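Biologist: Could you take a close look at the charged side-chain pairs in this one for me? I'd like the whole story in one go, with whatever else turns up along the way.

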Amino acid sequence: MGTTSDDDERDFFPERPIKSLARATSVEKPHYLGHRDRLRQRFAAAGSDALPDYELLELLLFRLIPRADTKPVAKALLARFGTLAEVLGAPVARLEEVRGIGPAVALDLKIVAAAAQRAARSEIKGREVLSSWTQVLGYCRSVMAFEEREQFRILFLDKKNALIADEVQQVGTVDHTPVYPREVVKRALELSATAIILAHNHPSGDPTPSRADIEMTKLVIETAKPLGIAVHDHIIIGKKGHASMKGLLLI
């Protein structure tokens, strides 16, 4: 057998390029991490008004989807539903239809929506609602505007017109909710309410009162009046606005 040279050993154990220690230990950061930092800094410096809806939604999704680029998801949600309010108001099943939104993220978005609604209600709870009408409308819009079925809600007030409670009495179909005036008045008496505000949504988006809406409201007024319960208004909430029966001189 012949002797083995150094060259023969290199041929038998081929040389492999040696990576530098810096290259071996460094990990390239995903591109979206820098974007997240910049977006957080902009929010901290200028507040939410400086951000369009999709970027504010991105900030929210950062926490819900920690290891992915959330910009495409935020834009897809807004493309599907239209506005940030409509995204938060969308049902879980429809949220899950958007690519990148799984059951856990959809549920987290609904938790955020519930927290926003609770905050809106706290602004009118115990306050004289007739002097806080903008907040009342904002609250009704936040809880009802994007529901896919009609929802009949009652705001119960005390003798100072402060909010005692608000409750959903009935949930109906896409264009009808059965309302029973005696049940409305019965619940008002149980809560010792001296006045109420009626509210319901039109999933079609158009808040114009129907003839049935007007007739039902007048029947509630007639049933409540002998018992000392006033009906201050009936508000109809649509996706793009609201209608006040009192403001329209319908009651």
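Modeller: Here is a walk through the salt bridges, followed by a strand and a quick check on the rings. Keep in mind that this is a predicted model, so everything below is computed from its atoms.

Searching the whole structure gives eight salt bridges. Let's start with Glu55 and Arg42, whose closest N and O atoms sit 3.0 Å apart. What does that pair tie together? Glu55 belongs to helix H4 (residues 53-64) and Arg42 to helix H3 (residues 31-46), so the bridge links parts that are 13 residues apart in sequence. The two partners fall into separate accessibility classes. Glu55 has a relative accessible area of 6%, so it counts as buried, since the cut-off for that class is under 20%. Arg42, at 37% relative accessibility, is partly exposed. The two side chains also turn up as a polar contact, again at 3.0 Å.

Next come Arg80 and Glu97, which meet in a salt bridge at 2.2 Å, N to O. Arg80 is in helix H5 (residues 71-81), while Glu97 is in the loop between helix H7 (92-95) and helix H8 (103-122), so this pair ties together parts 17 residues apart in sequence. As for accessibility, Arg80 comes out at 35%, which makes it partly exposed.

Then there is Glu167 with Arg187, another side-chain salt bridge, this one at 2.7 Å from N to O. Here a strand is joined to a helix: Glu167 lies in strand S2 (residues 163-171) and Arg187 in helix H10 (residues 181-190), so the parts being tied together are 20 residues apart in sequence. Glu167 is partly exposed, with a relative accessible area of 25%, and Arg187 is partly exposed too, at 28%.

Some of the charged residues form a network. Arg121, Arg153 and Asp166 are linked by salt bridges in that way.

One more charge is worth a mention, this time over a ring. Lys75 lies over the face of Tyr54, at 4.7 Å from the ring centre. Ring against ring is another matter: the count of aromatic pairs comes to zero, where a pair would need ring centres within 6.5 Å.

Now for the strand. Which way do the neighbours of S4 run, parallel or antiparallel? On one side, strand S3 (residues 195-201) pairs with S4 in the parallel sense over seven bridges. Strand S5 (residues 242-244) runs antiparallel to S4, and three bridges join the two. Ile235 in S4 is a handy place to see both pairings: Ala199 stands opposite Ile235, and Ile235 in turn stands opposite Ser244 in S5.

The connections follow the pairings. S3, helix H11 (residues 211-224) and S4 make up a right-handed β-α-β unit. From S4 to S5 the chain makes a hairpin, with four residues between the strands. As for burial, seven of the eight residues of S4 (residues 230-237) are buried, so the strand is largely enclosed by the rest of the structure.

How values were computed. Residues are numbered from 1 along each chain as its sequence is written. This is a predicted model: local features need pLDDT of at least 70, side-chain atom pairs count only at pLDDT 80 or more; totals for chains, interfaces and linings use all residues. Side-chain values use heavy atoms; hydrogens and water are left out. A salt bridge is a side-chain nitrogen of Lys or Arg within 4 Å of a carboxyl oxygen of Asp or Glu. Buried means under 20% relative accessible area, exposed over 50%, partly exposed in between (1.4 Å probe, protein chains only). Two strands pair if DSSP finds at least two bridges between them. A crossover is right-handed if, with the strands pointing away from the viewer, the path from the first strand over the helix to the second runs clockwise. Rings of Phe, Tyr and Trp (its six-membered ring) pair if their centres lie within 6.5 Å; planes under 30 degrees apart count as stacked, over 60 as edge-to-face and the rest as tilted. A charge sits over a ring if NZ of Lys or CZ of Arg is within 6 Å of the ring centre and within 35 degrees of the ring normal. A polar contact is a pair of N or O atoms within 3.5 Å; within protein, one must be able to donate a hydrogen and the other to accept it, and residues adjacent in sequence count only if both atoms are side-chain atoms.
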